[in-house]
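Me: I have a model open and I'd like to learn how to read its cavities, pockets and charges. Could you take me through it?

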Amino acid sequence: MQRVLVITRHIAVSPCVAKSTSGAITNATRILNKAPSYYYSTGFDLLQKAPVAAVHLAQSVLQNVHDHSHLPWWAVILGSTFVLRSAVTLPLAVYQQKILAKMELLMPTLKEYQEAVKHNVIVKCRRANLPVEEANRRIRKEARKMTKELYSQEGCHPLKVAMLPWVQLPLWIVISFALRNMTGSYPSAYPPPPHVLQAFHTEGALWFPDLTMPDPCTVLPVLLVVTNLLNIELHALRRKTASPARIQTVMSNVFRLLTLGMGLVASQMPAGMTLYWSISSTYGLLQNIAFKFPKVLRALGVPKTTSESKHPFRDITATIGDKAKNFLRRQQAN
């Protein structure tokens, strides 16, 4: 503002010019003062409206698929889930497998680099008469820096592994909210047309003919819980020679508890939503099982690693059996 005032003094060659210039500067200052709040409010409105617009778009797409295909709603939900998982999340899952395989293949090189870094840091700290705590701190810092640089050079930064959940979770939420609105189970800014709601009442299948009501036999919630638990066990599966870190064990237990809670929630949700959840979870289970087979991985272009199992079904069954025996043994001890 001081620079503006200085310029005003220099250009004010007459009272009229000075008056007009001062008025222009005052108006410009008011606009600039209001600009941050304007852009903030606009950005905040976009953050609020974007999820609603995404849900509305999902509703429109599902409705158009139903109207043009003339399929019942249960088949539309099943087919749409399969198409979305195959076209969006499956390629990301394959990419994730490639990144994880590269990271595993880099582990021997990474260990060699870490040992070299450790040796160099220890030598420098001894020459400088630094304490052991400072040496350990520098070793950890240099090891993290070197690991990040190596992964970046090889194109397998750990953040790329997170691409799948960052896409899959929002997609799952948007479709879930769209189906919730279309079943009429919750007041929405975009309620479904009457004929769509009526179709959801009558276009179920087998034991759940009404997609707007919870599954009367709770088969879909049970299927959801079982498939999710199996997915968790597949992700937590480790070689017998390797022991998982404590944080991995804690996270697996947390996900198991969340799965049980989700099953209770699903038992009260409309069958249309529970059908989508169970189909998506079953697709993920079949996908994770397929990724355990070396032939499938080679066909997808995933590099071979030492952690691959030649007999995946046998190893999975043995691991689940061992966990079941340990659980029963703990129960008997209590």
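Me: Which helices each supply at least two residues of the lining of the largest cavity?

Reply: General idea to begin with: on a 1 Å grid over the protein atoms alone, a cavity is a set of points where a 1.4 Å probe fits but cannot get out, and lining residues have an atom within 4 Å of a point. Helices are DSSP runs (H or I, at least four residues), numbered from the N terminus. Here, helix 3 (73–105) and helix 6 (163–182) each do so, and helix 3 gives the largest share, four residues. The lining consists of L62, I77, S80, T81, L84, I175, L179 and Y276. Keep in mind that this is a predicted model, where local features need pLDDT of at least 70, side-chain atom pairs count only at pLDDT 80 or more, and totals for chains, interfaces and linings use all residues. Residues are numbered from 1 along each chain as its sequence is written, and side-chain values use heavy atoms, with hydrogens and water left out.

Me: What volume does the largest cavity have?

Reply: A volume is the space filled by probe spheres set on the points, with grid points joined across faces, edges and corners. For the largest cavity that gives about 50 Å³. The count of cavities of 30 Å³ or more is two.

Me: And pockets: which residues lie nearest the centre of the second largest one?

Reply: A pocket is an open set of points with protein on both sides within 12 Å along at least five of seven lines. The second largest pocket holds about 210 Å³ of space. Of its 13 lining residues, V61, L62, S80, L84 and I175 lie nearest the centre. Helix 2 (15–69), helix 3 and helix 6 each give two or more residues to that lining, with the largest share, six residues, coming from helix 2.

Me: Now charges. How many salt bridges are there in the whole structure?

Reply: Look for a side-chain nitrogen of Lys or Arg within 4 Å of a carboxyl oxygen of Asp or Glu. The search finds two. One of them joins E134 and R137, with the closest N and O atoms 2.6 Å apart. Both residues sit in helix 5, three residues apart, about one turn of the helix.
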